[in-house]
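Biologist: I have not looked at this protein before. Could you walk me through it, one question at a time?

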Amino acid sequence: MQFFSDPVLETMATRRSLSKVGPETPGDEELARLLPAVSAVADHKVLRPWRLITLRGDDRARLGEALDAAAGVVREPGEFNTKPFRAELLIAVVASPKPHPKVPEWEQHATAAGVGHLLELALWRCGWGVMWRTGLHANAPEVRAVHGLADTEHLMGWLYVGSIDERLRARLDRSRRPALDPQQFISRMPA
Ligand SMILES: Cc1cc2nc3c(=O)[nH]c(=O)nc-3n(C[C@H](O)[C@H](O)[C@H](O)COP(=O)(O)O)c2cc1C
């Protein structure tokens, strides 16, 4: 069953987060090609208050060490934090607010969050599995440091990206989220 005949709306309505993804990932060129779909985000005064950082290979080990340090976790020799290894590609979404007299920081964070959502949707549309994750220590000093964040920046989390197993895709195609009751989400301004 389709929600929409329009393919864009249908993609939006059927997007799902995948906690387990496969080993293939979009390359940097594919990510660069998707950028126009992401930079069209609503952006007050077009400040572009965001940036993306890709983590591949050993970058993820450095993230694991930073997360451990932030959480005070000490591991046995040879052990490591496996969480960043749940995908071969992590994309850190960074809010990078610019001082502006008419655009408060929260609006710029909203734009950065929009970038995360659009990128997640664009990747999904291109056939990639994605899950946006944060965790308690996303903005701990150790974690910020390995990403090279400025004091003014905020890490909005990571998109974990990978391929989708064919059987899982078939299952996803068959399943649908329950419809929402519009009255619970859309109302008139109170008199
Ligand atoms: C900013 C942000 C951070 C999130 N962090 C986590 C997280 O750390 N762990 C988690 O299980 N889900 C997290 N989620 C939720 C998942 O990405 C996902 O939306 C949720 O599991 C529901 O699945 P769905 O997107 O298919 O509806 C986060 C979502 C957002 C927008």
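Modeller: Gladly! Let us begin with a definition: a salt bridge is a side-chain nitrogen of Lys or Arg within 4 Å of a carboxyl oxygen of Asp or Glu. Please keep in mind that this is a predicted model.

Biologist: How far apart are the closest N and O atoms in the salt bridge of Arg-51 with Glu-153?

Modeller: This pair links distant parts of the chain, 102 residues apart. Arg-51 is in strand S1, while Glu-153 sits in the loop between helix H5 (141-147) and strand S4 (154-162). The closest N and O atoms of Arg-51 and Glu-153 are separated by 2.8 Å.

Biologist: Is Glu-153 buried or exposed?

Modeller: A residue counts as buried under 20% relative accessible area. Glu-153 has a relative accessible area of 8%, so the label for Glu-153 is buried.

Biologist: Thanks! How many salt bridges are there by this rule?

Modeller: Besides the one just discussed, Arg-60 forms a salt bridge with Glu-88, with 3.8 Å between the closest N and O atoms. Arg-60 lies in helix H3 (residues 59-71) and Glu-88 in the loop between H3 and strand S2 (89-95), so this pair ties together parts that are 28 residues apart in sequence. By this rule, the count is six.

Biologist: Which residue forms a salt bridge with Glu-10?

Modeller: Glu-10 lies in helix H1 and is buried, at 10% relative accessible area. The side chain of Glu-10 also reaches the backbone nitrogen of Phe-4 at 2.8 Å. The salt-bridge partner, with closest N and O atoms 3.4 Å apart, is Arg-176.

Biologist: Let us step back to the whole fold. What pattern does the protein follow along the sequence?

Modeller: The protein has six helices and four strands. Of its 191 residues, 38% count as buried. Read along the sequence, the pattern is α-α-β-α-β-α-β-α-β-α.

Biologist: Now for the ligand. Which strand gives the most to the shell around the ligand?

Modeller: The residues around the ligand include Arg-15, Ser-17, Trp-132, Thr-134 and Arg-177. By class, that shell has three nonpolar, three polar and four charged residues. The greatest contribution, three residues, comes from strand S3 (residues 129-133).

Biologist: How much of the accessible area that the ligand has on its own does the protein cover?

Modeller: Let us look at the contacts with ligand oxygen atoms. An N or O atom in the side chain of Ser-17 is 2.5 Å from one, whereas a backbone N or O atom of Trp-132 is 2.7 Å from one and a backbone N or O atom of Thr-134 is 2.9 Å from one. Of the 620 Å² that the ligand has on its own, the protein covers 55%.

Biologist: And on the surface, what is the area of the nonpolar patch that includes Val-8?

Modeller: Val-8 lies in helix H1 (residues 7-14) and counts as exposed, at 52% relative accessibility. The patch is made by Phe-3, Phe-4, Val-8, Leu-9 and Met-12. Its area is about 430 Å².

Biologist: One last thing: where is Lys-45, which has a positive phi?

Modeller: Phi of Lys-45 is near 65°, a positive value in a residue other than glycine. Val-46 also has a positive phi, near 45°, and is found in the loop between H2 and S1. Lys-45 lies in the loop between helix H2 (28-39) and strand S1 (50-56).

Conventions
Residues are numbered from 1 along each chain as its sequence is written. This is a predicted model: local features need pLDDT of at least 70, side-chain atom pairs count only at pLDDT 80 or more; totals for chains, interfaces and linings use all residues. Side-chain values use heavy atoms; hydrogens and water are left out. A residue is near a molecule or strand if one of its heavy atoms lies within 4 Å of it. A polar contact is a pair of N or O atoms within 3.5 Å; within protein, one must be able to donate a hydrogen and the other to accept it, and residues adjacent in sequence count only if both atoms are side-chain atoms. Accessible areas come from the Shrake-Rupley method with a 1.4 Å probe; for residues, only the protein chains shown count as cover. Helices (H or I, at least four residues) and strands (E, at least two) are DSSP runs, numbered from the N terminus. Ala, Val, Leu, Ile, Met, Phe, Trp, Tyr, Cys and Pro count as nonpolar, Asp, Glu, Lys and Arg as charged, and the others, Gly among them, as polar. Patches are made of residues with over 30% relative accessible area and no salt bridge: like charges are joined within 9 Å, nonpolar side chains (Val, Leu, Ile, Met, Phe, Trp, Tyr) within 5 Å. Buried means under 20% relative accessible area, exposed over 50%, partly exposed in between (1.4 Å probe, protein chains only).
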